[in-house]
Amino acid sequence: MNMEERQEDQFQRTRMLMGSEAVDRLQQARVLIFGLGGVGGFTCEALARAGVGYMHIVDKDVVDLTNLNRQIIATHETVGRPKTEVMKERLLSINPSMTVVTSQCFYLPESASEFDFGSYDYVVDAIDTVTAKVDLICRAKGAGTPVISSMGTGNKLDPTRFEIADISKTSVCPLAKVIRKELRDRGIKNVKVLYSKEEPVRTGLRTPASVSFVPSVAGLIIAGEVIKDLTGWNGEASSNGKTISMAKTGAERGIEI
């Protein structure tokens with residue numbers, strides 16, 4: 001792609017911020033994403049808009065009426081349709097040149113052979129079943145593929161409490177506690193997770209409660225980690241081979257939202 005084409009493509013603003021080399025890396029990247037709910041859906045959205053060129057998305061569910069309060073693919077028009085089908089359509093409408101592979105299934109240890117974890121550049125775990133989460137983390141680690149796992153986002157109201165940490169450094173989150181022990185028992189270390197130190201709201205119900213502005217933020221934070229890891233981005237923009245301080249460009253050009 002020559003300079004003129006780069007200036008006119010849909011990723012122009014991302015190139016301005018992160019540099020053409022970073023966007024080119026994203027376009028060559030292969031990401032495997034498990035779970036297309038409140039967290040995983042927003043992760044997919046952000047990765048596609050940043051330029052990730054290949055995504056394999058995995059989810060068994062169909063869009064349900066109860067998903068409308070938080071899931072980006074859920075509308076009254078998509079209720080009853082497979083989430084993988086709806087998400088694929090959405091991603092290709094954002095970036096028609098990307099490749100989207102779908103698997104409409106629940107991930108289980110017994111079905112792990114269907115996925116070649118070593119053929120991907122990154123694995124995202126956005127499912128909520130402990131056995132499945134632990135197994136896919138172990139398999140990604142065994143294949144030498146970077147993996148990030150979402151801990152609990154239900155029954156929470158403060159998205160500013162989310163943070164990225166090694167699983168060994170987590171606290172408060174009940175799901176993280178269980179995953180931490182399971183991985184420790186298996187000798188698995190150095191696993192990047194998203195979690196929150198916010199105490200869960202006690203609803204008295206078995207089904208986790210949710211709201212629009214919490215899992216969405218979690219998904220976007222995860223996408224940011226994946227993008228930074230894939231590109232090796234260090235927080236500085238690159239233009240014509242020169243590093244530019246973002247504070248300087250912001251002051252010179254003004255801030256645009």
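## A walk through the helix pairs

Start with α6 and α7: in this predicted model, α6 passes α7 in a right-handed crossing. Select residues 130-143 for α6 and 174-185 for α7, and you'll see the two axes come within 10 Å and cross at roughly 50°. Angles from 35 to 65 degrees fall outside the roughly parallel and roughly perpendicular classes, and α6 and α7 are therefore oblique to each other. Now turn on side chains. On the α6 side, V130, K133, V134, I137 and C138 make the contact, and they meet L175, V178, I179, E182 and L183 of α7.

Stay on α6 for a moment and pick out C138, which sits in that helix. Setting aside neighbours within four places in sequence, what is C138 in contact with? Show L183, R186 and I188, and you have its partners. While you're there, put a distance label between the C-alpha atoms of C138 and K189: the label should read 9.6 Å, for two residues that are 51 residues apart along the chain.

Next, hop over to α4, residues 40-50, and add α5, residues 83-94. These axes come within 9 Å and cross at roughly 25°. Since that angle is under the 35 degrees cut-off, α4 counts as roughly parallel to α5. To see what touches, select G41, C44, E45, A48 and R49 on α4, then M87, R90, L91 and I94 on α5. The handedness here is right-handed, with α4 passing α5.

Keep α4 on screen, hide α5 and bring up α8, residues 215-231. How far apart are the axes of α4 and α8? They are 7 Å apart, and the helices pack at an angle of about 40°. That makes α4 oblique to α8, and α4 passes α8 in a right-handed crossing. For this pairing, the α4 residues to colour are F42, T43, A46, L47 and A50. Facing them from α8 are S216, G219, L220, I222, A223, V226 and I227.

Last stop: switch to a surface view and select L157, V201 and F213. The three of them form a nonpolar patch on the surface, and together they have about 260 Å² of accessible area. Where along the chain does L157 lie? Look in the loop that runs between β5 (147-150) and β6 (162-166).

Technical notes. Residues are numbered from 1 along each chain as its sequence is written. This is a predicted model: local features need pLDDT of at least 70, side-chain atom pairs count only at pLDDT 80 or more; totals for chains, interfaces and linings use all residues. Side-chain values use heavy atoms; hydrogens and water are left out. Patches are made of residues with over 30% relative accessible area and no salt bridge: like charges are joined within 9 Å, nonpolar side chains (Val, Leu, Ile, Met, Phe, Trp, Tyr) within 5 Å. Accessible areas come from the Shrake-Rupley method with a 1.4 Å probe; for residues, only the protein chains shown count as cover. A salt bridge is a side-chain nitrogen of Lys or Arg within 4 Å of a carboxyl oxygen of Asp or Glu. Helices (H or I, at least four residues) and strands (E, at least two) are DSSP runs, numbered from the N terminus. Axes are lines fitted to C-alpha atoms, for helices over the stretch in contact, and angles run from 0 to 180 degrees between N-to-C directions. Angles under 35 degrees count as roughly parallel, over 145 as roughly antiparallel, 65 to 115 as roughly perpendicular and the rest as oblique. A crossing is left-handed if the near helix is turned anticlockwise from the far one by less than a right angle, and right-handed if clockwise. Contact means heavy atoms within 4.5 Å.
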